[in-house]
Amino acid sequence: MKISKQFEFSMGHVLNNYEGKCHRLHGHNYQLEVTVESSQLDSSGFVMDFSDLKAIVTPLINAELDHHFWVYVKDSRARALIELGARSVAFEPTAENIVSYFETVISKELPDGVTLAQIELYETSNSKAVLI
């Protein structure tokens with residue numbers, strides 16, 4: 001059985017190793033969907049309480065992503081952006097890498113018997129990265 005919960009956040013980023021328009025400073029209104037699964041329901045009949053999933057994901061979004069700006073630590077613009085309040089990250093902040101970041105952090109916080117089944121991150125209304 002699976003359950004999913006959706007989240008929204010706004011975040012800016014810049015891509016270093018890229019020649020297109022995303023090389024410039026810009027941002028997105030992201031839509032995130034986190035799906036977890038379990039082979040057995042708990043004593044309340046849940047895969048996991050939706051509020052418990054929210055309690056894992058929302059603090060991460062609020063502390064690390066929402067209304068933040070991410071820059072790859074090896075980007076030549078990183079130092080100046082960090083001085084202005086950007087967060088340096090150890091990877092290019094592409095949608096694909098942000099999904100992998102979510103996977104790493106969320107997986108560690110799930111209760112026993114519950115696993116991450118899928119993460120979808122919409123960068124725009126018609127562009128997303130999916131980790132299954």
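Reader: What covers the buried residues of α1?

Author: This is a predicted model. In α1, the buried residues are Leu53, Ile56, Val57, Leu60, Ile61 and Leu65. An α-helix has 3.6 residues a turn, so residues three or four places apart point the same way. The cover over the buried residues of α1 includes β1 (2-13), β2 (26-37), β3 and α3 (95-109).

Reader: How far does α1 reach from its first C-alpha to its last?

Author: α1 has 16 residues. At 1.5 Å a residue, 22 Å is expected. The span in the model is close to that, at 21 Å.

Reader: Which residue with a positive phi follows α1, and is that residue buried or exposed?

Author: The residue sits in the loop between α1 (50-65) and β3 (68-72). Its phi is about 60°, although it is not a glycine. Exposed means over 50% relative accessible area. At 67% relative accessibility, the residue counts as exposed, and its name is His67.

Reader: Which element supplies the largest share of the largest nonpolar core?

Author: The largest nonpolar core has 29 residues, and Leu32, Val36 and Phe102 touch the most other members. β1, β2, α1, α3 and β5 (115-124) each supply at least two residues of this core. The largest share is six residues, and it comes from α1.

Reader: What does Val36 touch, leaving aside residues up to four places away in sequence?

Author: Val36 is one of the core members that touch the most others. Its contacts include Leu53, a buried residue of α1. The full list is Met1, Lys2, Ile3, Val47, Met48, Leu53, Leu110, Val114, Thr115, Leu116 and Ala117.

Reader: Which strands stand at the edges of the sheet?

Author: Six strands form an open sheet with mixed pairing. Their order is β4-β3-β1-β2-β5-β6. Each edge strand has a single partner, so one side of each is left without a neighbour in the sheet. The edge strands are β4 (87-89) and β6 (127-131).

Reader: By how much are neighbouring strands of this sheet turned against each other on average?

Author: Take β1 and β3, which run parallel and are joined by three bridges. There, Gly12 stands opposite Phe69 in β3. Averaged over neighbouring strands of the sheet, direction ignored, the turn is 35°.

Reader: What angle does α1 make with β1, and at what angle does α3 run to β5?

Author: α1 packs on the sheet and touches β1, β2, β3 and β4. α3 lies across β1, β2, β3, β5 and β6. The direction of α1 makes about 10° with that of β1, while α3 runs to β5 at about 150°.

Terms used:
Residues numbered from 1 in each chain as written. Predicted model: local features only at pLDDT ≥ 70, side-chain atom pairs only at ≥ 80, totals over all residues. Heavy atoms only, no water. Helix = DSSP H or I, 4+ residues; strand = E, 2+ residues; numbered from the N terminus. Buried < 20%, exposed > 50% of the residue type's maximum accessible area, 1.4 Å probe, protein only. Expected span 1.5 Å × (residues − 1). Contact = heavy atoms within 4.5 Å. Core = buried A, V, L, I, M, F, W, Y, C linked by side-chain atoms within 4.5 Å. Pairing = 2+ DSSP bridges. Axes fitted to C-alpha atoms, helices over the stretch in contact; angles between N-to-C directions.
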